[in-house]
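This report describes a single protein chain for a reader who works at the bench. The sequence and the model are shown first, and the text then moves from one residue outward to the fold.

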Amino acid sequence: MPRIGKAQTAMLLASPDDAEQRFYEALREADLDKLMSLWAEDDEVVCIHPGGPRMVGWEAVRVAFEAVFSNGPIHVQPSNVRRIHTMDSAVHSVVEQVELRTDEGVRTGYVMATNVYAKTAQGWRLVMHHASPGTAHEPPELVETPSVLH
């Protein structure tokens, strides 16, 4: 399967935020082609699903998401995004609120995720997604308060 499809060559992502928005849209739509168009064309891209192994390489990431999407869309909403940006890379720490459909009804879980983006000739692309095992309650965010104000 070719790595570059029409969707990928046509999509020039202007910012890491654009790439992240489309990433979560693709998850909610279970759109594998859209999702893979967001990943960098690199054999060293990495994806770690909650509690899963480390998948390295574009094809391994594709196969993993293909399996995930076989269960349908992922009802996920990112929040509390913390961003570190440089000229050609960005790291986003995200709280993913995930709705799970169970026999008892809809349940909400929270996953801490890190998304890493790199600026490429095709625009900003995802190079790493690492998601922790989920919890039933949103974990607190501990923020260091400066002891000296300037």
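Ala-90 is found in strand 4; helices (H or I, at least four residues) and strands (E, at least two) are DSSP runs, numbered from the N terminus. The model is predicted: local features need pLDDT of at least 70, side-chain atom pairs count only at pLDDT 80 or more, and totals for chains, interfaces and linings use all residues. Residues are numbered from 1 along each chain as its sequence is written, and side-chain values use heavy atoms, with hydrogens and water left out.

**Surroundings of Ala-90**

With a relative accessible area of 0%, Ala-90 is buried. Here buried means under 20% relative accessible area, exposed means over 50%, and partly exposed lies in between, for a 1.4 Å probe and protein chains only. Leaving aside neighbours within four places in sequence, Ala-90 is in contact with Pro-16, Ile-84, His-85, Asn-115, Val-116, Tyr-117 and Trp-124; contact means heavy atoms within 4.5 Å. The C-alpha atoms of Ala-90 and Ser-15 are separated by 9.4 Å, although the two are 75 residues apart along the chain.

**Overall architecture**

The protein chain has 4 helices and 6 strands. From the N terminus on, these elements follow the order α-α-α-β-β-α-β-β-β-β. Of the 150 residues in the protein chain, 35% are buried. Among contacts with a separation of 6 or more, 53% join residues 24 or more positions apart.

**Strand pairing**

Two strands pair if DSSP finds at least two bridges between them. The table sets out three such pairings.

| Strands | Sense | Bridges | Hairpin link | Opposite residues |
|---|---|---|---|---|
| Strand 3 and strand 4 | antiparallel | 9 bridges | 3 residues | His-85 and Ala-90 |
| Strand 4 and strand 5 | antiparallel | 14 bridges | 2 residues | Val-91 and Val-116 |
| Strand 5 and strand 6 | antiparallel | 8 bridges | 2 residues | Thr-114 and His-130 |

Thr-86 lies in the loop between strand 3 and strand 4. Its relative accessible area is 46%, so Thr-86 counts as partly exposed. The C-alpha atoms of Thr-86 and Ala-118 are 9.5 Å apart in space, while the two residues are 32 residues apart in sequence.

**Residues with positive phi**

Most residues other than glycine have a negative phi. Asn-80, a residue other than glycine, has a positive phi near 45 degrees. Asn-80 lies in strand 3 and is partly exposed, with a relative accessible area of 40%. Ala-30 also has a positive phi, near 50 degrees. This alanine, Ala-30, is placed in the loop between helix 2 and helix 3, and its relative accessibility of 24% makes Ala-30 partly exposed.

**The nonpolar core**

In soluble globular proteins, nonpolar side chains tend to be buried together. A nonpolar core is defined as a set of buried Ala, Val, Leu, Ile, Met, Phe, Trp, Tyr and Cys residues joined through side-chain atoms within 4.5 Å. The largest such core has 30 residues, and those with the most contacts inside it are Phe-23, Leu-27, Leu-35, Trp-39 and Phe-65. Helix 2, helix 3 (32–36), helix 4, strand 4, strand 5 and strand 6 each give two or more residues to this core. Apart from neighbours within four places in sequence, Phe-23 is in contact with Leu-35, Leu-38, Phe-65, Asn-115, Leu-126 and His-129.

**The largest pocket**

The largest pocket has a volume of about 480 Å³. Its lining has 22 residues, of which Pro-50, Val-68, Ile-74, Val-98 and Leu-100 are the closest to the centre. Two or more lining residues come from each of helix 2 (16–29), helix 4 (58–69), strand 3 (75–85), strand 4 (89–102), strand 5 (105–120) and strand 6 (123–131). Strand 4 gives the most, with 5 residues. By class, the lining divides into 12 nonpolar, 7 polar and 3 charged residues; Ala, Val, Leu, Ile, Met, Phe, Trp, Tyr, Cys and Pro count as nonpolar, Asp, Glu, Lys and Arg as charged, and the others, Gly among them, as polar.

On a 1 Å grid over the protein atoms alone, a pocket is an open set of points where a 1.4 Å probe fits, with protein on both sides within 12 Å along at least five of seven lines; lining residues have an atom within 4 Å of a point. Grid points are joined across faces, edges and corners, and the volume is the space filled by probe spheres set on the points.
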